[in-house]
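Subject: Handover of a structure and the findings on it

Dear colleague,

Please find below the structure that I am handing over to you. A written account of what was found in it follows directly after.

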Amino acid sequence: MKFNIPKINQTKLTNRSLLIASRILRAIFLLGMTYVLLYPVLFLASNAFSDYMDKLDPTVIWIPKHPTLKNFILADQVIGFASSIWKTLTMMVPSVLIQVVVSLFVGYGFARFKFKERELLCSFLIFTIIVPVQTIIIPLYVHFRFFNFWGLGNFLALHTGEPLTFNLLNTNWPFYILSAFGVGIRSGLYIFMARQFFRGMPVELEEAAWVDGCGPFRTFFTIMVPNVGSIVIVITLFSIVWHWNDYFLSVMFFVEEYPLTVAVTVLQDRLSVLTQNIRPEDMALAQSAVLEAACFVVIVPLLILYIFAQRYFTESITRTGIVG
(Lines give C-alpha, C1' and ligand atoms only; values in the text may rest on other atoms or scores of the structure.)
Protein backbone atom coordinates (compact mmCIF):
# COMPACT_ATOMS: atom_id res chain seq x y z
CA MET A 1 0.00 0.00 0.00
CA LYS A 2 1.38 3.40 -0.99
CA PHE A 3 0.87 6.57 1.01
CA ASN A 4 0.83 9.80 -0.95
CA ILE A 5 2.07 12.79 1.05
CA PRO A 6 0.27 15.95 0.02
CA LYS A 7 2.36 18.46 -1.88
CA ILE A 8 1.51 21.19 0.64
CA ASN A 9 3.11 19.21 3.48
CA GLN A 10 6.16 18.45 1.34
CA THR A 11 6.58 22.16 0.57
CA LYS A 12 6.27 23.07 4.24
CA LEU A 13 8.78 20.39 5.19
CA THR A 14 11.25 21.62 2.56
CA ASN A 15 10.90 25.24 3.61
CA ARG A 16 11.37 24.33 7.25
CA SER A 17 14.48 22.28 6.44
CA LEU A 18 15.95 25.17 4.46
CA LEU A 19 15.16 27.57 7.29
CA ILE A 20 16.87 25.35 9.87
CA ALA A 21 19.89 24.84 7.58
CA SER A 22 20.23 28.57 6.95
CA ARG A 23 20.06 29.29 10.70
CA ILE A 24 22.73 26.68 11.42
CA LEU A 25 25.03 28.07 8.72
CA ARG A 26 24.47 31.61 9.96
CA ALA A 27 25.26 30.57 13.53
CA ILE A 28 28.45 28.83 12.40
CA PHE A 29 29.50 31.89 10.39
CA LEU A 30 28.83 34.27 13.28
CA LEU A 31 30.69 32.06 15.75
CA GLY A 32 33.63 31.86 13.38
CA MET A 33 33.74 35.61 12.85
CA THR A 34 33.42 36.19 16.59
CA TYR A 35 36.35 33.89 17.22
CA VAL A 36 38.49 35.63 14.58
CA LEU A 37 37.70 39.10 15.95
CA LEU A 38 37.81 38.39 19.69
CA TYR A 39 40.72 35.96 19.84
CA PRO A 40 43.46 38.64 19.50
CA VAL A 41 41.80 40.83 22.13
CA LEU A 42 41.35 37.97 24.62
CA PHE A 43 44.87 36.72 23.98
CA LEU A 44 46.25 40.22 24.55
CA ALA A 45 44.28 40.67 27.77
CA SER A 46 45.34 37.27 29.08
CA ASN A 47 49.03 37.97 28.53
CA ALA A 48 48.82 41.54 29.81
CA PHE A 49 47.66 40.37 33.25
CA SER A 50 49.97 37.33 33.41
CA ASP A 51 53.28 37.08 35.17
CA TYR A 52 56.09 36.04 32.87
CA MET A 53 56.41 32.83 34.87
CA ASP A 54 52.92 31.86 33.69
CA LYS A 55 54.24 31.86 30.14
CA LEU A 56 56.76 29.22 31.13
CA ASP A 57 54.00 27.05 32.57
CA PRO A 58 52.47 24.85 29.82
CA THR A 59 49.32 24.30 31.92
CA VAL A 60 48.40 28.01 31.69
CA ILE A 61 46.39 28.65 28.55
CA TRP A 62 43.97 31.55 29.11
CA ILE A 63 43.52 32.27 32.81
CA PRO A 64 46.83 33.13 34.53
CA LYS A 65 47.72 31.41 37.79
CA HIS A 66 49.50 34.52 39.06
CA PRO A 67 47.51 37.53 37.82
CA THR A 68 49.43 40.74 38.26
CA LEU A 69 49.46 44.42 37.36
CA LYS A 70 53.25 44.50 37.28
CA ASN A 71 53.30 44.66 33.48
CA PHE A 72 51.16 47.80 33.48
CA ILE A 73 53.32 49.37 36.21
CA LEU A 74 56.53 48.71 34.27
CA ALA A 75 55.01 50.10 31.07
CA ASP A 76 53.82 53.19 32.93
CA GLN A 77 57.29 53.76 34.35
CA VAL A 78 58.76 53.79 30.86
CA ILE A 79 56.25 55.75 28.79
CA GLY A 80 53.98 57.43 31.37
CA PHE A 81 50.39 56.59 30.48
CA ALA A 82 48.96 59.78 31.97
CA SER A 83 51.18 62.17 30.01
CA SER A 84 50.90 60.16 26.78
CA ILE A 85 47.11 59.95 26.97
CA TRP A 86 46.89 63.65 27.77
CA LYS A 87 49.11 64.44 24.79
CA THR A 88 46.87 62.29 22.58
CA LEU A 89 43.69 63.97 23.83
CA THR A 90 45.02 67.51 23.38
CA MET A 91 45.94 66.61 19.81
CA MET A 92 42.83 64.59 19.04
CA VAL A 93 39.84 66.44 20.53
CA PRO A 94 40.33 69.85 18.83
CA SER A 95 41.30 68.17 15.56
CA VAL A 96 38.15 66.03 15.59
CA LEU A 97 35.91 69.02 16.31
CA ILE A 98 37.55 71.04 13.54
CA GLN A 99 37.27 68.15 11.08
CA VAL A 100 33.57 67.67 11.76
CA VAL A 101 32.78 71.36 11.20
CA VAL A 102 34.97 71.70 8.10
CA SER A 103 33.73 68.44 6.57
CA LEU A 104 30.07 69.45 6.94
CA PHE A 105 30.71 72.97 5.65
CA VAL A 106 32.73 71.94 2.60
CA GLY A 107 30.55 68.91 1.87
CA TYR A 108 27.45 71.10 1.86
CA GLY A 109 29.12 73.51 -0.55
CA PHE A 110 30.02 70.71 -2.96
CA ALA A 111 26.54 69.20 -2.75
CA ARG A 112 24.34 72.27 -3.15
CA PHE A 113 26.23 75.09 -4.87
CA LYS A 114 27.05 75.05 -8.57
CA PHE A 115 30.17 76.91 -9.63
CA LYS A 116 32.63 76.58 -12.47
CA GLU A 117 35.46 74.95 -10.54
CA ARG A 118 33.30 72.47 -8.60
CA GLU A 119 34.15 69.38 -10.66
CA LEU A 120 37.85 70.23 -10.62
CA LEU A 121 37.84 70.70 -6.87
CA CYS A 122 35.93 67.44 -6.44
CA SER A 123 38.67 65.75 -8.45
CA PHE A 124 41.27 67.20 -6.11
CA LEU A 125 39.18 65.91 -3.20
CA ILE A 126 39.26 62.37 -4.60
CA PHE A 127 42.99 62.85 -5.18
CA THR A 128 43.56 63.52 -1.46
CA ILE A 129 41.74 60.28 -0.64
CA ILE A 130 43.71 58.14 -3.09
CA VAL A 131 47.22 59.55 -2.65
CA PRO A 132 48.83 58.50 0.67
CA VAL A 133 50.22 61.15 2.97
CA GLN A 134 53.67 59.52 2.77
CA THR A 135 54.15 61.09 -0.66
CA ILE A 136 54.00 64.63 0.74
CA ILE A 137 55.44 64.12 4.20
CA ILE A 138 58.75 65.85 3.41
CA PRO A 139 57.10 69.11 2.21
CA LEU A 140 54.78 68.96 5.23
CA TYR A 141 57.70 68.51 7.60
CA VAL A 142 59.66 71.40 6.09
CA HIS A 143 56.54 73.57 6.00
CA PHE A 144 55.85 73.19 9.71
CA ARG A 145 59.53 73.30 10.67
CA PHE A 146 59.85 76.71 9.00
CA PHE A 147 56.24 77.88 9.18
CA ASN A 148 56.00 81.32 7.53
CA PHE A 149 52.23 81.82 7.40
CA TRP A 150 51.95 80.65 3.79
CA GLY A 151 54.54 83.02 2.41
CA LEU A 152 53.74 86.12 4.48
CA GLY A 153 56.91 85.61 6.49
CA ASN A 154 58.99 85.80 3.31
CA PHE A 155 57.12 88.93 2.27
CA LEU A 156 58.08 90.59 5.55
CA ALA A 157 61.71 89.78 4.78
CA LEU A 158 61.61 92.55 2.16
CA HIS A 159 61.32 95.04 5.00
CA THR A 160 63.14 93.34 7.90
CA GLY A 161 65.82 91.46 5.99
CA GLU A 162 64.98 88.13 7.63
CA PRO A 163 61.96 85.92 7.00
CA LEU A 164 59.53 85.43 9.87
CA THR A 165 59.28 81.69 10.60
CA PHE A 166 58.14 79.55 13.51
CA ASN A 167 58.96 75.98 14.42
CA LEU A 168 55.62 74.21 14.94
CA LEU A 169 57.13 70.77 15.40
CA ASN A 170 56.50 69.10 18.76
CA THR A 171 53.23 71.04 19.03
CA ASN A 172 49.64 70.21 18.19
CA TRP A 173 49.34 73.04 15.68
CA PRO A 174 50.19 70.97 12.57
CA PHE A 175 47.17 68.75 13.24
CA TYR A 176 44.90 71.74 13.91
CA ILE A 177 46.02 73.54 10.75
CA LEU A 178 45.68 70.48 8.52
CA SER A 179 42.20 69.77 9.89
CA ALA A 180 41.11 73.39 9.43
CA PHE A 181 42.12 73.35 5.75
CA GLY A 182 40.48 70.02 4.99
CA VAL A 183 43.67 68.02 4.55
CA GLY A 184 43.91 66.41 7.98
CA ILE A 185 43.84 62.71 8.73
CA ARG A 186 41.22 61.26 6.32
CA SER A 187 39.61 64.70 5.87
CA GLY A 188 39.01 64.04 2.20
CA LEU A 189 36.97 60.95 3.03
CA TYR A 190 34.87 62.84 5.57
CA ILE A 191 34.14 65.65 3.12
CA PHE A 192 33.12 63.14 0.47
CA MET A 193 30.81 61.38 2.95
CA ALA A 194 29.21 64.69 3.94
CA ARG A 195 28.79 65.63 0.27
CA GLN A 196 27.02 62.37 -0.51
CA PHE A 197 24.77 62.74 2.53
CA PHE A 198 23.72 66.31 1.67
CA ARG A 199 23.02 65.29 -1.93
CA GLY A 200 20.53 62.75 -0.63
CA MET A 201 18.57 65.30 1.41
CA PRO A 202 15.44 66.86 -0.14
CA VAL A 203 15.98 70.22 -1.77
CA GLU A 204 12.51 71.32 -0.60
CA LEU A 205 13.91 71.95 2.89
CA GLU A 206 16.25 74.63 1.57
CA GLU A 207 13.68 76.08 -0.80
CA ALA A 208 11.27 76.54 2.09
CA ALA A 209 13.99 78.28 4.08
CA TRP A 210 14.82 80.58 1.16
CA VAL A 211 11.18 81.52 0.81
CA ASP A 212 11.19 82.52 4.48
CA GLY A 213 14.16 84.80 3.82
CA CYS A 214 17.04 82.61 5.05
CA GLY A 215 20.40 83.03 3.37
CA PRO A 216 22.84 80.20 2.59
CA PHE A 217 24.64 80.37 5.93
CA ARG A 218 21.48 80.56 8.01
CA THR A 219 19.93 77.73 5.99
CA PHE A 220 22.99 75.60 6.60
CA PHE A 221 23.17 76.17 10.36
CA THR A 222 19.46 76.25 11.21
CA ILE A 223 17.97 73.80 8.70
CA MET A 224 20.62 71.40 7.41
CA VAL A 225 22.92 70.88 10.40
CA PRO A 226 20.12 69.80 12.81
CA ASN A 227 19.12 67.09 10.30
CA VAL A 228 22.54 65.54 9.75
CA GLY A 229 23.08 63.86 13.12
CA SER A 230 23.84 60.53 11.45
CA ILE A 231 26.74 61.73 9.36
CA VAL A 232 28.08 63.77 12.30
CA ILE A 233 28.26 60.59 14.39
CA VAL A 234 29.99 58.66 11.61
CA ILE A 235 32.59 61.37 10.96
CA THR A 236 33.22 61.89 14.67
CA LEU A 237 33.76 58.19 15.38
CA PHE A 238 35.98 57.69 12.34
CA SER A 239 38.02 60.76 13.18
CA ILE A 240 38.47 59.73 16.82
CA VAL A 241 39.66 56.25 15.86
CA TRP A 242 42.12 57.45 13.20
CA HIS A 243 43.55 60.22 15.37
CA TRP A 244 43.90 57.88 18.33
CA ASN A 245 45.67 55.24 16.21
CA ASP A 246 47.76 57.68 14.16
CA TYR A 247 51.43 56.85 14.10
CA PHE A 248 52.96 58.24 10.93
CA LEU A 249 52.17 61.93 11.32
CA SER A 250 52.66 61.81 15.09
CA VAL A 251 56.15 60.36 14.83
CA MET A 252 57.05 63.02 12.23
CA PHE A 253 55.66 66.07 14.02
CA PHE A 254 56.51 65.20 17.64
CA VAL A 255 60.14 64.93 18.68
CA GLU A 256 59.98 64.84 22.49
CA GLU A 257 56.55 64.18 24.01
CA TYR A 258 54.78 61.44 22.08
CA PRO A 259 51.13 60.40 21.87
CA LEU A 260 50.25 57.00 23.23
CA THR A 261 50.58 54.99 20.02
CA VAL A 262 54.06 56.37 19.32
CA ALA A 263 55.13 55.98 22.95
CA VAL A 264 54.34 52.27 22.79
CA THR A 265 56.74 51.78 19.88
CA VAL A 266 59.69 53.13 21.88
CA LEU A 267 58.82 50.97 24.86
CA GLN A 268 60.84 47.91 23.90
CA ASP A 269 64.09 49.87 23.56
CA ARG A 270 63.82 51.00 27.19
CA LEU A 271 62.66 47.78 28.83
CA SER A 272 66.09 46.25 29.32
CA VAL A 273 66.80 48.53 32.28
CA LEU A 274 63.57 47.61 34.10
CA THR A 275 63.89 43.87 33.48
CA GLN A 276 67.58 43.51 34.34
CA ASN A 277 66.83 41.23 37.33
CA ILE A 278 65.23 38.62 35.06
CA ARG A 279 67.21 35.74 33.63
CA PRO A 280 68.43 36.42 30.07
CA GLU A 281 66.58 33.42 28.67
CA ASP A 282 63.31 34.79 30.10
CA MET A 283 63.92 38.38 29.04
CA ALA A 284 61.91 38.10 25.81
CA LEU A 285 58.88 36.72 27.61
CA ALA A 286 58.97 39.43 30.28
CA GLN A 287 59.32 42.21 27.73
CA SER A 288 56.53 40.83 25.55
CA ALA A 289 54.21 40.83 28.59
CA VAL A 290 54.94 44.51 29.22
CA LEU A 291 54.41 45.35 25.54
CA GLU A 292 51.10 43.52 25.53
CA ALA A 293 50.02 45.44 28.63
CA ALA A 294 50.81 48.74 26.88
CA CYS A 295 48.94 47.64 23.74
CA PHE A 296 45.97 46.65 25.89
CA VAL A 297 45.86 50.18 27.29
CA VAL A 298 45.82 51.53 23.73
CA ILE A 299 42.85 49.47 22.56
CA VAL A 300 40.68 49.61 25.71
CA PRO A 301 39.38 53.19 25.17
CA LEU A 302 38.32 52.34 21.62
CA LEU A 303 36.58 49.17 22.80
CA ILE A 304 34.68 51.14 25.43
CA LEU A 305 33.78 53.79 22.86
CA TYR A 306 32.44 51.17 20.48
CA ILE A 307 30.40 49.43 23.21
CA PHE A 308 28.57 52.64 24.08
CA ALA A 309 28.33 54.06 20.55
CA GLN A 310 27.67 50.82 18.66
CA ARG A 311 23.92 51.39 18.31
CA TYR A 312 24.29 54.96 17.06
CA PHE A 313 27.15 53.93 14.79
CA THR A 314 25.14 51.13 13.19
CA GLU A 315 22.15 53.41 12.61
CA SER A 316 24.38 56.10 11.13
CA ILE A 317 26.12 53.67 8.78
CA THR A 318 22.73 52.44 7.59
CA ARG A 319 21.44 55.95 6.91
CA THR A 320 24.60 57.16 5.19
CA GLY A 321 24.83 54.07 2.99
CA ILE A 322 28.50 53.37 3.78
CA VAL A 323 29.50 49.74 3.23
CA GLY A 324 32.75 47.85 3.16
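A disulfide is taken here to be a pair of cysteine sulfur atoms within 2.5 Å. By that criterion the structure, which is a predicted model, holds zero disulfides. Two cysteines may be set side by side in terms of exposure. Cys122 is buried, because its relative accessible area of 9% falls under the 20% limit. Cys295 has a relative accessibility of 32% and therefore counts as partly exposed.

Overall composition

The protein chain contains 16 helices and zero strands. Of its 324 residues, 36% are buried. Among the contacts in the chain with a separation of 6 or more, 72% are made by residues 24 or more positions apart.

Helix H4 against helix H9

Two packed helices are described by the angle between their axes and the distance between the axes. For helix H4 (residues 81–112) and helix H9 (residues 187–199), the angle is about 50° and the axes lie 7 Å apart. H4 is therefore oblique to H9, since an oblique angle is one outside the ranges under 35 degrees, over 145 degrees and 65 to 115 degrees. The crossing of H4 past H9 is right-handed. On the H4 side, the contact is made by Gln99, Ser103, Leu104, Val106, Gly107, Tyr108, Phe110, Ala111 and Arg112. On the H9 side, it is made by Ser187, Tyr190, Ile191, Ala194, Arg195, Phe198 and Arg199. By class, the residues of this contact between H4 and H9 comprise nine nonpolar, four polar and three charged.

Ala111 offers a local view of this region. Ala111 belongs to helix H4, and with a relative accessibility of 13% it counts as buried. Setting aside residues up to four places away in sequence, Ala111 touches Arg118, Arg195, Phe198 and Arg199. The C-alpha atom of Ala111 is separated by 8.5 Å from that of Phe197, although the two residues are 86 apart along the chain.

Helix H4 against helix H12

Helix H4 also packs with helix H12, at an angle of about 145° and with the axes 9 Å apart. Here, too, H4 passes H12 in a right-handed crossing. Which residues meet in this pairing of H4 and H12? From H4 they are Ile85, Thr88, Leu89, Met91, Met92, Ser95, Val96, Gln99, Val100, Ser103 and Leu104. From H12 they are Ile231, Val232, Ile235, Thr236, Ser239, Ile240, His243 and Trp244. The residues of the contact of H4 with H12 divide into twelve nonpolar, seven polar and no charged.

Val232 may serve as an example from this second pairing. Val232 is located in helix H12 and is partly exposed, its relative accessible area being 24%. Apart from neighbours within four places in sequence, Val232 is in contact with Val100 and Leu104. Between the C-alpha atoms of Val232 and Tyr190 the separation is 9.6 Å, with their positions 42 residues apart along the chain.

Helix H8 and its surroundings

Helix H8 (173–180) is mostly covered, with six of its eight residues buried. The buried residues of H8 are Pro174, Phe175, Tyr176, Ile177, Leu178 and Ser179. What covers these buried residues of H8? The covering elements include H4, helix H6 (137–145), helix H12 (229–245) and helix H13 (248–253). Following H8 comes Gly182, with a positive phi near 75°.

Backbone angles in the loops

Most residues other than glycine have a negative phi. Two residues here are therefore set apart for your attention, and both lie in loops that adjoin H8. Asn170 has a positive phi near 65° and is not a glycine. Asn170 is placed in the loop between helix H7 (152–160) and helix H8. Arg186, likewise a residue other than glycine, has a positive phi of about 60°. Arg186 lies in the loop between H8 and H9. With a relative accessibility of 44%, Arg186 counts as partly exposed.

With kind regards

How values were computed
Residues numbered from 1 in each chain as written. Predicted model: local features only at pLDDT ≥ 70, side-chain atom pairs only at ≥ 80, totals over all residues. Heavy atoms only, no water. Buried < 20%, exposed > 50% of the residue type's maximum accessible area, 1.4 Å probe, protein only. Axes fitted to C-alpha atoms, helices over the stretch in contact; angles between N-to-C directions. Helix = DSSP H or I, 4+ residues; strand = E, 2+ residues; numbered from the N terminus. Left-handed = near helix turned anticlockwise from the far one by under 90°. Contact = heavy atoms within 4.5 Å. Nonpolar A, V, L, I, M, F, W, Y, C, P; charged D, E, K, R; others polar.
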